[in-house]
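The following exercises concern model confidence, nonpolar cores and the surroundings of one helix. Please inspect the sequence and the coordinates before working through the solutions.

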Amino acid sequence: MAVLRPFSKLPELNSAVLLLVGSEGDFQQKLAEAILQEKKDFTVNVHIATSLPLPSERDHLRPQIDMIVFMIDIKNKYSLKNVEDSLAYVDAKFFLGKVCFLVTGVGRVNCCSVDMNAVWKLGENYCSPVLFCELELEGTRVATAQRLLRMLQICAGYVPGVSALYFSTLMTTFSS
Amino acid sequence: MESAADGPAQPRPSTGRPSWGLPFGRARRRSALSPSSRLPPAPRRTQVKAGAAEVAEDTQRTAFLLRKQWTLYSVTPLYRFSEAHLRDYSRLLSAFVAAEKKKGLAVEIGGELDIKVSVTSLPDLKGSDRDQAAILVQLSSRSSASPKNSEEKVIWSGWFCCVAGDELSENLPEAFTCLPLFLVNGAESNTAIVGTWFQKTFDCCFRRLSLSPFNLSWMAAMWTGCKVDKPASATELVFSVPRLPHPLHISYAINLEDAQALWATIQKTPGEITQEEVDVFMDCLYSHFYRHFKIHLSATKLVKVSTAVASAHCDGIIKFRQSQYLTGVLMLLTELAICQIQ
């Protein structure tokens with residue numbers, strides 16, 4: 001089963017699984033560590049992949065994935081292409097708030113190789129929020145980890161009364 | 001949290017402020033360069049056009065601009081700058097330069113260099129009549145050891161220019177002059193002195209203009225499409241590979257005819273370039289390289305673009321090669337400088 005489906009497996013008790021997909025090795029690791037270091041009252045498992053589809057050999061060992069974060073580095077045009085190719089292996093039901101695009105490296109605007117219009121369009125086409133962050137700095141990395149953890153908590157259903165569908169409010173553009 | 005259970009159709013907060021607080025969400029302009037464009041219609045630019053044939057005598061005057069390395073700065077509008085007072089500005093600036101040079105120095109024995117400053121106007125370098133004419137500042141030295149020999153050597157040149165800068169100049173109050181691009185050739189110490197004087201006198205701000213790989217890929221595509229007469233050099237792209245223990249630079253040179261043939265198949269409307277065409281052009285080059293060397297150039301950083309028209313480095317260094325395309329290249333650079341100011 002190459003395509004990732006959101007509800008194909010049984011969830012574990014009091015745990016949530018986050019999948020980080022991106023071609024940027026170092027910072028994925030650091031972000032995962034920052035997420036795991038946050039204080040939370042449920043177990044978090046972070047899975048890291050460079051691209052989809054995930055290898056099918058270990059498919060039976062993998063738990064149900066609650067949220068997918070696609071990481072795009074603005075200094076690296078290849079990461080955008082990688083993400084675009086990986087999106088084909090995600091089931092449509094994931095895009096009801098369980099997917100988010102994380103654009104990293106925004107501190108260095110002078111090294112921007114990626115067309116920002118293309119990133120915005122990607123977010124619009126897939127109805128998913130686009131978040132910006134800078135993973136080189138400790139402070140913003142921790143802030144991003146907290147934000148993703150909160151989103152994961154909602155996606156896994158641990159916040160009563162709020163479902164992942166509300167993330168459409170994160171996509172609102174406050175255009176003047 | 002009673003209100004959250006109302007359903008997904010909640011009234012959205014209508015603040016005018018973007019929620020990310022990062023440079024990307026702030027500006028709303030249609031420019032293709034700033035990452036802050038927010039889903040406008042696909043950005044397009046007009047192809048760099050060769051200057052008309054009757055500017056033959058102008059090429060004489062601007063010939064000194066070619067084949068020199070110019071460092072780029074963006075300048076905020078100058079307050080109370082007037083073209084009528086250029087001679088006064090030269091005198092004031094030369095006094096300032098002399099004072100700065102003598103500061104803290106013992107008097108040298110055996111010929112102190114006198115520095116002469118000239119501030120002149122270059123009326124040819126502008127896009128339309130609405131633009132301000134370019135201003136050239138030159139520092140030339142004359143060795144006082146041989147006073148009979150009045151030959152002066154230009155040691156430093158800097159010029160302000162504005163080509164098609166309507167976006168900035170139309171909203172300016174009266175007292176401001178819009179000359180957003182500043183190009184420098186010469187020693188950094190002189191640049192600092194002249195820059196300080198301009199900043200103090202006209203209340204402007206100079207900032208180094210660096211060219212992102214995104215902008216450089218636009219330049220590569222735009223300048224490849226330009227027709228050049230003489231047998232010209234190949235189009236060369238230099239990439240820098242990040243995060244390696246030893247810095248690695250990859251240089252990719254393409255025969256000019258081949259690059260032009262490729263661009264001719266991609267460009268649909270002559271005279272206009274869109275973002276998709278630039279992307280397709282660069283993707284073709286990258287996939288060709290990948291087929292031979294199995295290296296994804298799109299994962300590296302494009303550092304330098306060198307074509308027959310001009311060559312540009314990401315640190316903000318430019319070299320003009322063809323005088324007929326000078327105005328076109330300056331138009332693009334002015335657009336980038338205005339982006340950086342705003």
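**Exercise 1.** Identify how many contacts beyond four places in sequence the model has for residues 1-41 of chain B, where pLDDT stays under 50.

*Solution.* Step 1: for residues 1-41 of chain B, the count is 82 contacts beyond four places in sequence, a contact being heavy atoms within 4.5 Å; pLDDT is the predictor's confidence in each residue, from 0 to 100. Step 2: residues 52-57 of chain B also stay under 50 in pLDDT, and there the model has zero such contacts. Step 3: where pLDDT is low, the predicted coordinates should not be read in detail. Step 4: chain B averages a pLDDT of 77, with 76% of the residues scoring at least 70.

This is a predicted model, in which local features need pLDDT of at least 70 and side-chain atom pairs count only at pLDDT 80 or more, while totals for chains, interfaces and linings use all residues. Residues are numbered from 1 along each chain as its sequence is written, chains are lettered from A in the order in which they are written, and side-chain values use heavy atoms, leaving out hydrogens and water.

**Exercise 2.** Determine which helix gives the most to the largest nonpolar core.

*Solution.* Step 1: this core has 60 residues, and B:Trp159 and B:Phe320 are among those touching the most other members. Step 2: helix α6 (residues 213-224) of chain B gives the most, with eight residues.

**Exercise 3.** Establish what the buried residues of α2(A) pack against.

*Solution.* Step 1: the buried residues of helix α2 (residues 77-86) of chain A include A:Leu80 and A:Val83, where buried means under 20% relative accessible area (1.4 Å probe, protein chains only). Step 2: their partners are β1, β3, β4 and α3 of chain A together with α8 of chain B.

Terms used. Core = buried A, V, L, I, M, F, W, Y, C linked by side-chain atoms within 4.5 Å. Buried < 20%, exposed > 50% of the residue type's maximum accessible area, 1.4 Å probe, protein only. Helix = DSSP H or I, 4+ residues; strand = E, 2+ residues; numbered from the N terminus.
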